[in-house]
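Visitor: Hi, could you walk me through this one? I'm new to it.
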Amino acid sequence: MSYLVLVQNGIAQGLIIGLAALSITLVFGIARFPNAAAGDMLTFGGYAGLFAFSATHSLLATGLAAIAATALLSLLMYYAVFRRLAGRSAVSLLVASIGVAFMIRAVLGVSFGHGQLVYEIELTRPYIVGGVRVSPLDLKLALIAFVTLAAAFGVLYMTSIGRQMRAVADNSDLARVSGIRPQRVMASLWLLAGALTAIAGVMLGMKTIVAPEIGWEILLPAFAAAIFGGIGSPIGAVAAGLILGVAQELSTPLVGFTYKIAVSFAVMCAVLVFRPRGLFGKAEAVR
Amino acid sequence: MNAITHHNAIVADRGASGAPPVLEVERISKHFGGFCALNDVSLSVPAGGLVGLIGPNGAGKSTLFSIITGFIAPSEGTIRLRGSPVDTLSPFARARAGMVRTFQVPREFSHLSVRENLMAAIPDQAGEHLFDLFFKPQQVRIQEEQGAALVEETVDFLKLKRIADLPAVKLSGGQKKLLELGRVLMTRPSVILLDEPFSGVNPVLIAEIIDRIIELNERGISFLVIEHDLEALTRLVGRLTVMDYGTVIAEGAPQAVLADARVRAAYLGGPA
């Protein structure tokens, strides 16, 4: 029965990793570089949500405020930095994104200190489902994550801008001669990437604490999930995030809290040995 | 008028002589370092015209296409679309202005379905704006339905319906050429530049592609076509321009141009 609890925790952790990994894989597939600022965008979302939650105590308002603030930050990053570096090598953009990450973290640290802040959530009686205690907050957070993922996949696969994003990811030169507006696609990409990391930040903040370093610590598992899922594959990123999250939690009784991340990486390495392009990877772009 | 004369008259009309030009290439030169790829090239495509562009490999035809569509900047010269210079416009902006191209080796959004390839190229959709997706869903839905209807018309027109849900990567070479034609049609073009539309295509599909091009031309779309298959090209175009070593060496009615001694020497291997 305790393993069911671990699986439940793993799914919650996996959804956070999966949302961040989806943001990373979208940027990689369309803007063609690994965005190391994704973790600190997540932290920013956690802070934005914290202040909204303190003011409203509404999960919906918290989620929407975090999305609005982080999506705007993401758009600002694009216009201020990444758009100006368009056409440079992926390494240049990666280094720029590391610089942006440090700037976000520094501003958050200077503004709110390096202490740990918490969402002051009222304790609620857990549901007992098949003998397993399920927190209502966990259910609500999972619901928010699934709604966010459904909205993101809906945008990607059922709308004009989503088709255009996938077209740019597939063949950016062809997209240009087909009349697809590159600026609009990029702006939409960064808004979407910001929204995804915002919800991940709120979930992580509610499940643990809010501090300037929380995003940095989740960045490596998120990158791992993006690679494990098949870089550029949105579905793969989410699936891999869930697998890594559950693997981490299930390994905790065996290896302890400190080494559980290592186990999830071992699982990732084992899969990549047999499937080098990852779970859903066909090529290096969003499909 | 016998059948052959009648056919020649129809084909000659596709040169649309006398019509104002929709596309004008004026004195274009292009140097790559010390190499001169294009030297003072001028040509025009009349509104409603169907013009062929031929020349041996390396004559500069594809470079000229890349300059016309904005992928390469010319060293000198001007491109005009419906009388206005487009030299400062990006490839995307030129496509939006009504000038689109296909490629010698067909290009497609490989992992999007045939329908999605076509839908992606529809311009000015409300669904391109994230804001509208969430705050004007009704307008987005109506435009999506209109776009889907246009795509259905196009897949019917190009006879791609049977494979419309397949990822484009699974199409044959000829089907990809038709898909390219469909994709450029979705942009509502006034002039289409076709780069070797019959290359690697079986004769049945070549006939299909020719029929579709003629039908589109009759609807008012102008064409500039690079092609090495002279038999197919002369069935299609009303005017021919011939390039060699980066310059235009002849232009005019296809039969007259192909009989030109310089053309025979440069391109057809005949005596000058």
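Guide: Sure, let's talk about how the chains meet, then a patch on the surface.

Guide: This is a predicted model, where local features need pLDDT of at least 70, side-chain atom pairs count only at pLDDT 80 or more, and totals for chains, interfaces and linings use all residues. Residues are numbered from 1 along each chain as its sequence is written, chains are lettered from A and ligands numbered from 1 in the order in which they are written, and side-chain values use heavy atoms, leaving out hydrogens and water.

Visitor: How much area do chain A and chain B bury between them?
Guide: About 2,600 Å², with 61% of it on carbon and sulfur atoms. Buried area is the accessible area (1.4 Å probe) that two parts lose on being put together, summed over both.

Visitor: Which residues in chain A lose the most area to chain B?
Guide: Arg163(A), Leu174(A) and Val177(A), together 24% of what that side buries.

Visitor: And how many salt bridges are there between chain A and chain B?
Guide: Four, counting a side-chain nitrogen of Lys or Arg within 4 Å of a carboxyl oxygen of Asp or Glu. One salt bridge joins the side chains of Arg184(A) and Glu128(B), at 2.6 Å from N to O.

Visitor: New topic: is Val255(A) buried, partly exposed or exposed?
Guide: Val255(A) is partly exposed because its relative accessibility is 33%; buried means under 20% relative accessible area, exposed over 50%, and partly exposed in between (1.4 Å probe, protein chains only).

Visitor: Where is Val255(A) found?
Guide: In helix α10 of chain A, residues 234-255. Helices (H or I, at least four residues) are DSSP runs, numbered from the N terminus.

Terms used: Helices (H or I, at least four residues) and strands (E, at least two) are DSSP runs, numbered from the N terminus.
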